[in-house]
Amino acid sequence: MTRKKSTEAIHGRKDSLYRGANYPIYSSTTFAVEKSDDYDKFIGDQEEFYIYSRYSNPTVRNVEEKIAALEKAEDAVLFSSGMAAITTAILAFAKQGDTIVALRRLYGMAYRFLRDVVPNFGIHVHFLDEAELYAAHKEFPGAKLYYFETPINPTTDCVSLEKTVRSARKAGALTIMDNTFASPINQNPIDFGVDIVVHSATKYIGGHSDIMAGAVAGSKELLKSVRESLKAFGGCINPMDAYMLDRSLKTLKVRVEQQNKSAQRIAEYFNRQKKILNVYYPGIPSVRSYKIARKQMMGFGGMLCIELPDLNSAKIFCDSLELGLNATSLGGVETLVSIPVLTSHIKMSPDELKSARVSEGMVRISVGLEDPDDLILDFKNALAKIPA
Ligand SMILES: Cc1ncc(COP(=O)(O)O)c(C=O)c1O
């Protein structure tokens with residue numbers, strides 16, 4: 001029987017020297033060989049033969065194995081940030097003359113990397129909406145990569161994994177998907193045929209707003225190329241941060257399950273409030289993504305978005321909160337709110353905002369682990385400050 005996620009997240013490698021409950025932090029940047037001929041072993045097994053910590057490190061490897069298990073992947077590689085993971089994974093596979101099709105609505109920095117940096121390598125990038133992505137094999141047969149994320153920031157709209165993978169396979173393309181918003185507890189894209197999953201582990205996996213980290217998960221074969229690129233680009237995680245991630249992983253499932261429950265309650269509360277024009281949360285049956293989310297997510301997540309009449313109302317709401325911090329990022333134990341037009345979608349033209357389905361009155365909420373009763377009271381008091 002394969003072990004369940006909470007068990008995998010707790011029981012990784014053993015401390016065989018002292019039987020400590022925690023796997024040790026190997027802070028060494030370099031590891032000595034016993035004999036010069038041992039270097040030959042490095043050619044065969046780069047992950048398990050430790051020689052230099054940019055290539056691999058035992059503390060890091062312990063966490064990589066856990067993330068692979070949680071994502072139902074053969075292997076995983078850790079990075080110093082989500083962007084290090086995303087950029088390295090994309091450039092591990094796309095080469096000069098290749099075509100990438102990408103969802104138009106992406107995490108802002110991933111979008112800017114694909115729009116402004118990737119074309120400098122002679123790689124063609126086309127941004128598409130969901131419907132165009134599902135049919136992209138017709139317009140872009142032979143594309144090298146499909147890059148997308150679901151749920152999408154900030155509206156939590158869901159993209160069909162089934163339809164995207166089907167189209168990518170017809171095109172002969174690899175799929176890379178950002179699973180940060182859902183976390184491996186709520187969604188396993190590899191079950192639906194996605195080839196490579198990327199994470200900003202800074203978010204739910206880290207979970208305490210104190211670690212920058214990223215991860216890539218997929219087949220052993222594909223991850224060989226990713227590790228080779230990591231060695232060259234150098235975005236490795238340091239062992240201290242990997243240890244912190246190991247500690248965080250042990251509570252990932254209970255954290256995310258509570259965040260799912262609290263977000264559902266809060267979304268339902270917001271849905272009853274007259275001052276709120278729209279509530280976006282995949283767990284609300286009237287929301288357009290509900291059907292897709294039911295099919296591909298095990299939980300609806302801790303992220304939601306509300307739409308107030310205008311930017312001023314959004315500012316009053318955010319500035320009136322006592323518990324919710326007005327801060328960018330997500331996935332931590334503390335509730336965070338942010339106004340997309342002032343943060344992730346700043347400086348976008350009205351047309352760009354329209355195609356991102358983002359309005360000035362939107363507030364994105366990352367529901368933390370405070371008691372949901374206290375959060376609802378905080379939200380109620382803040383809503384009361386908005387003039388009727
Ligand atoms: C969905 C998503 N992907 C990737 C990233 C980038 O991760 P990092 O900030 O760890 O580089 C973020 C950061 O906000 C994100 O929200």
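User: What makes up the shell around the ligand in this predicted model, by class?

Analyst: The structure is a predicted model. By class, the shell around the ligand holds eight polar, four nonpolar and two charged residues. Of the 14 residues around the ligand, those that come nearest are Ser81, Gly82, Met83, Ser200 and Thr202.

User: Why is Gly82 placed in a class, and in which one?

Analyst: Gly counts as polar under the scheme used, and therefore Gly82 is assigned to the polar class. Met counts as nonpolar, so Met83 belongs to the nonpolar class.

User: What makes strand S2 mostly covered?

Analyst: Four of the five residues of S2 (residues 99-103) are buried. A residue is called buried if 20 or more other C-beta atoms lie within 10 Å of its own, so four residues of S2 meet that cut-off.

User: How do you know that S2 and strand S3 pair, and in which sense do they run?

Analyst: Pairing requires at least two bridges between the strands. Five bridges join S2 to S3 (residues 124-128), so the requirement is met, and the two strands run parallel. Within this pairing, Val101 stands opposite His126, and Ala102 stands opposite Phe127.

User: What is the evidence that S2 pairs with strand S4?

Analyst: Three bridges link S2 and S4 (residues 145-149) in the parallel sense. With a threshold of at least two bridges, S2 and S4 therefore count as paired. The bridge partner of Val101 in S4 is Tyr146.

User: Which elements make the β-α-β unit, and what is its handedness?

Analyst: S2, helix H5 (residues 108-117) and S3 make the unit, which is right-handed. The term applies because, with the strands pointing away from the viewer, the path from the first strand over the helix to the second runs clockwise.

User: Why are strands S8 and S10 said to stand at the edges of their sheet?

Analyst: The open sheet of five strands has the order S8-S9-S12-S11-S10, with mixed pairing. S8 (278-280) and S10 (325-326) each have a single partner strand, so one side of each is left without a neighbour in the sheet. S10 pairs with strand S11 (residues 336-338) in the parallel sense over two bridges, and Leu325 stands opposite Leu336.

User: Which helices pack on this sheet, and what do they touch?

Analyst: Helix H12 (residues 252-271) touches S8 and strand S9 (303-307), and its direction makes about 10° with that of S9. Helix H14 (residues 311-320) touches S10, S11 and strand S12 (362-366), with its direction at about 30° to that of S12.

Notes:
Residues numbered from 1 in each chain as written. Predicted model: local features only at pLDDT ≥ 70, side-chain atom pairs only at ≥ 80, totals over all residues. Near = placed C-beta within 6 Å. Buried ≥ 20, exposed ≤ 12 C-beta atoms within 10 Å, placed from the backbone. Contact = placed C-beta atoms within 7 Å. Axes fitted to C-alpha atoms, helices over the stretch in contact; angles between N-to-C directions.
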